[in-house]
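Here is my note on the model you sent round, written so that a first-year student can follow each point beside the sequence and the structure.

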Amino acid sequence: MEQYIIKGGNPLVGEVTIGGAKNAALGILAAAIMADDVVTIENLPNVRDINVLLQAIEAIGATVDRVSDNEVKINGSTIGCLNINYEFIRKIRASYYLLGALLGKCGKASVALPGGCAIGSRPIDQHIKGFEALGALVTIDHGTIATSAEKLVGNHIYLDVVSVGATINIMMAASRAEGKTIIENAAKEPHIVDVANFLNSMGADIKGAGTDIIRINGVSKFKKTTYSIIPDQIEAGTFMMAAAATKGNVLIKNVIPKHLEAISAKLIEIGAEYDDAVRVIADKRLGGTQIKTLPYPGFPTDMQPQTAMLLALSNGNSMVIESIFENRFKYVDELNRMGANIKVEGNVAIIEGIERYSGAQVSAPDLRAGAALVIAGLVGEGITTVDQIHYIQRGYE
Ligand code: EPZ
């Protein structure tokens with residue numbers, strides 16, 4: 001089993017260039033198969049989730065030409081079988097984006113049902129609600145979700161929960177439905193905007209992405225395009241926390257500062273130095289604060305473990321409320337084994353800051369928690385070993 005073995009104690013000093021956004025790339029790769037022509041995607045993050053989704057896309061008959069680690073050409077005109085088998089969805093939930101893409105492209109698709117995962121049950125009822133509103137028939141049996149529609153017709157869809165995945169999945173299907181679709185209570189994350197911009201570059205007619213109302217006029221065909229993916233705000237945020245936790249000085253390049261406002265505001269609040277370069281400097285122990293995760297532009301849930309790890313080193317007390325997922329504090333037990341003083345009550349973590357972690361053998365419970373444990377090892381006194389690092393490799397180059 002692969003591990004990271006980390007000797008802690010060195011401040012991070014230097015610069016890092018941020019890659020393409022994983023959670024934008026997953027939606028964009030799925031949408032790319034909707035054109036019956038060559039679609040070139042640049043600034044692709046070379047991480048495991050991306051590589052698995054490309055395998056799933058190839059397995060249904062699309063041609064995939066990996067020009068380089070960070071560029072791929074996809075042609076969906078050769079797509080044959082329309083069911084994504086369990087092997088891929090088991091490896092990556094985002095294979096369910098192929099439902100919306102194939103429903104929009106050929107009116108039919110079936111995908112193995114995604115399981116829950118380390119951070120919660122993660123239902124897809126809102127995805128199904130959207131597909132049915134567009135006129136699709138959705139059936140679930142033997143662990144497979146199948147959708148089909150003679151014709152997709154635009155509709156007015158109100159999401160009961162602000163859901164990134166449902167917004168992207170419905171947007172893809174609706175972009176090829178007949179007539180107008182309105183998605184209300186839509187997610188507003190930067191990666192939603194990126195997927196909408198990508199679809200529009202293929203000839204879709206989508207307005208309002210990034211607000212909570214997205215208006216779509218369906219079109220019948222998509223054309224070839226070349227598109228570059230936005231920088232990954234969560235990768236950037238992870239390096240920002242690493243710079244602060246190690247009392248370092250790091251220039252984080254190729255980011256969109258606006259996407260980092262919730263994160264940088266908290267770093268400034270607890271005493272780190274920050275500028276829009278983006279540079280993060282911390283040469284002293286930082287203060288405590290309160291964090292509540294919310295849909296964008298609120299504080300991102302994907303930054304919750306990395307931030308709690310930093311607050312556990314503060315010279316004060318902090319509170320972290322996880323309002324998106326029901327089980328995203330599994331890493332706390334691991335941090336407490338490194339000397340942290342964190343108590344979890346339901347979806348609230350109460351943190352009393354300590355001076356420094358002590359190195360220990362820890363295990364990554366999921367992607368972002370794994371990143372937080374690696375950073376804790378960078379600060380930890382002595383050696384820290386992190387195992388289950390396949391989670392980390394899913395989302396960090
Ligand atoms: C996306 O997951 C991201 N994954 C997650 O990042 C991220 O944490 C999450 O959005 C929130 O920002 C990808 O983009 C591949 P949601 P997604 O649908 O789309 C509930 C990472 O670390 N819900 O916005 O699955 C759900 O249970 C990963 O990169 C329903 O109830 O998240 C959750 O409580 C982890 N019904 C809330 O909504 C539905 O049909 C938000 O989930 C869908 C969601």
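The numbered points below take up the sheets, then two helices, then some single residues and ring pairs.

1. Before the details, please keep in mind that this is a predicted model, in which local features need pLDDT of at least 70 and side-chain atom pairs count only at pLDDT 80 or more, while totals for chains, interfaces and linings use all residues. Residues are numbered from 1 along each chain as its sequence is written, and side-chain values use heavy atoms, with hydrogens and water left out.

2. One open sheet has 3 strands in the order S1-S23-S22, with mixed pairing; helices (H or I, at least four residues) and strands (E, at least two) are DSSP runs numbered from the N terminus, and two strands pair if DSSP finds at least two bridges between them. Strand S1 (3-7) and strand S22 (361-363) stand at the edges with a single partner strand each, so one side of each is left without a neighbour in the sheet. Neighbouring strands here are turned by 20 degrees against each other on average, direction ignored, where axes are lines fitted to C-alpha atoms, for helices over the stretch in contact, and angles run from 0 to 180 degrees between N-to-C directions.

3. Within that sheet, S1 and strand S23 (residues 383-387) run antiparallel and are joined by 5 bridges, with Gln-3 standing opposite Asp-387 in S23. Helix H12 (residues 367-379) packs on the sheet and touches S1, S22 and S23, its direction making about 30 degrees with that of S1; contact means heavy atoms within 4.5 Å.

4. A further open sheet has 4 strands in the order S18-S19-S21-S20, again with mixed pairing. Its edges are strand S18 (290-292) and strand S20 (341-345), each with a single partner strand, so one side of each has no neighbour in the sheet. On average, neighbouring strands of this sheet are turned by 15 degrees against each other, direction ignored.

5. How many residues lie between S20 and S21 in their hairpin? There are 2 residues between them, and Gly-346 in the turn has a positive phi of about 65 degrees. S20 runs antiparallel to strand S21 (residues 348-352), and 5 bridges join them; Val-344 stands opposite Ala-349 in S21, and Ile-342 has Ile-351 as its bridge partner. Helix H10 (residues 304-311) lies across S18, strand S19 (317-321) and S21, running at about 170 degrees to S19.

6. Helix H2 (residues 48-59) allows a simple check of length: at 1.5 Å a residue its 12 residues should span 16 Å, and its end C-alpha atoms are 16 Å apart, which agrees. The expected span is 1.5 Å times one less than the number of residues. Among the buried residues of H2 are Ile-50, Leu-53, Leu-54 and Ile-57, where buried means under 20% relative accessible area, exposed over 50% and partly exposed in between (1.4 Å probe, protein chains only). H2 is followed by Gly-61, whose phi is positive, near 105 degrees.

7. Is Thr-238 buried or exposed? Thr-238, in helix H8 (residues 233-245), is buried, because its relative accessible area is 8%. Leaving aside neighbours within four places in sequence, Thr-238 is in contact with Met-303, Gln-306, Ala-371, Ile-375 and Tyr-396.

8. Lys-188, in the loop between strand S11 (180-184) and H7, is partly exposed, with a relative accessible area of 28%. Although Lys-188 and Pro-295 are 107 residues apart in sequence, their C-alpha atoms are 7.4 Å apart in space.

9. The count of aromatic pairs comes to 3, given that rings of Phe, Tyr and Trp (its six-membered ring) pair if their centres lie within 6.5 Å, with planes under 30 degrees apart counted as stacked, over 60 as edge-to-face and the rest as tilted. The ring centres of Phe-198 and Tyr-227 are 5.5 Å apart and their planes stand at 75 degrees, so this pair is edge-to-face. The pair links distant parts of the chain, since Phe-198 is in helix H7 (residues 190-201) and Tyr-227 is in strand S14 (residues 225-228), 29 residues apart, and both residues are buried. For Phe-329 and Tyr-331 the centres are 6.3 Å apart and the planes at 45 degrees, so that pair is tilted.
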